[in-house]
Amino acid sequence: MKINVLGTEYDIELLEQRDETMKTMNCDGYSDCSVKEIKVLKIKADGDVTKIKNPIKYQNTILGHEIIHAFLYESGIESGMQFHSEECVDFFAMQFSKLEKIFDSIECKG
């Protein structure tokens, strides 16, 4: 699947198993802004991550997190800069739907 991030096309791939980058980084998803790719582990209810209560929600949280990384990068905020920290990206990924709901409720369109 493809998405447009501020005018730049990114490929999104859901992987059946962790690739070498995920294994090295010990993660379930990553953005490679140098080649405009986002890769996320496809989480299955009966897979190796069985302690996850809602696998689809978890997978979407990872995907949202990686999309935010791509938006920050395409906005000129390089990895390692203050607002590109994992904590900031996690915050926006987890709170996005709540922010969107508030913006929609007051008809605040950007």
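**A patch, a sheet and a few residues**

Modeller: F91, F92, L99, I102, F103 and I106 together make a nonpolar surface patch of about 580 Å². Bear in mind that this is a predicted model: local features need pLDDT of at least 70, side-chain atom pairs count only at pLDDT 80 or more, and totals for chains, interfaces and linings use all residues. Residues are numbered from 1 along each chain as its sequence is written, and side-chain values use heavy atoms, with hydrogens and water left out.

Biologist: What makes a group of residues a patch?

Modeller: Each member needs over 30% relative accessible area and no salt bridge, meaning no side-chain nitrogen of Lys or Arg within 4 Å of a carboxyl oxygen of Asp or Glu. Nonpolar side chains (Val, Leu, Ile, Met, Phe, Trp, Tyr) are then joined within 5 Å, and like charges within 9 Å. The areas come from the Shrake-Rupley method with a 1.4 Å probe, and for residues only the protein chains shown count as cover.

Biologist: Why is L99 called partly exposed?

Modeller: Buried means under 20% relative accessible area, exposed means over 50%, and partly exposed is in between (1.4 Å probe, protein chains only). L99 has 33%, so it falls in the middle class. You'll find L99 in helix 3, residues 86-105.

Biologist: How do you know what counts as a helix or a strand?

Modeller: They are DSSP runs numbered from the N terminus: helices are H or I with at least four residues, strands are E with at least two. This chain has three helices and four strands, in the pattern β-β-α-β-β-α-α along the sequence.

Biologist: What makes the strands into a sheet, and in which order do they lie?

Modeller: Two strands pair if DSSP finds at least two bridges between them. Here the pairing is mixed and gives an open sheet of four strands in the order 1-2-4-3. Strand 1 (2-5) and strand 3 (29-32) are the edge strands, since each pairs on one side only. On average, neighbouring strands of this sheet are turned by 20 degrees against each other, direction ignored.

Biologist: How do you know that strand 1 and strand 2 pair?

Modeller: Four bridges join them, so the requirement for pairing is met, and they run antiparallel. V5 stands opposite T8 in strand 2. Their hairpin has two residues between the strands, and L6 takes a positive phi near 50 degrees there.

Biologist: And what joins strand 3 to strand 4?

Modeller: Again four bridges, and again the run is antiparallel, with strand 4 covering residues 37-41. The bridge partner of Y30 is K39 in strand 4. This hairpin has four residues between the strands, and K36 has a positive phi near 60 degrees.

Biologist: S34 sits in the loop between strand 3 and strand 4. Is S34 buried or exposed?

Modeller: S34 has a relative accessible area of 62%, so it clears the mark for exposed. From S34 to Y73 is 39 residues in sequence and 9.9 Å in space, C-alpha to C-alpha.

Biologist: Why is N26 called exposed?

Modeller: N26 reaches 71% relative accessibility, so it lands in the exposed class too. N26 is in the loop between helix 1 (20-25) and strand 3, and its phi is near 55 degrees, a positive value in a residue other than glycine.

Biologist: What does helix 2 lie across?

Modeller: Helix 2 (residues 55-74) lies across strand 1, strand 2 (8-15), strand 3 and strand 4, at about 165 degrees to strand 4. Axes are lines fitted to C-alpha atoms, for helices over the stretch in contact, and angles run from 0 to 180 degrees between N-to-C directions.

Biologist: H69 is in helix 2. Why is H69 called buried?

Modeller: Its relative accessibility is 8%, so H69 falls below the buried limit. Contact means heavy atoms within 4.5 Å, and, leaving aside neighbours within four places in sequence, H69 is in contact with S31, H84, E86 and V89.

Biologist: N60 is found in helix 2 as well. What class does N60 get?

Modeller: Partly exposed, because its 45% lies between the two limits. N60 and A93 are 33 residues apart in sequence and 9.4 Å apart in space, C-alpha to C-alpha.

Biologist: How many of the residues in the chain are buried?

Modeller: Buried residues make up 29% of the 110.
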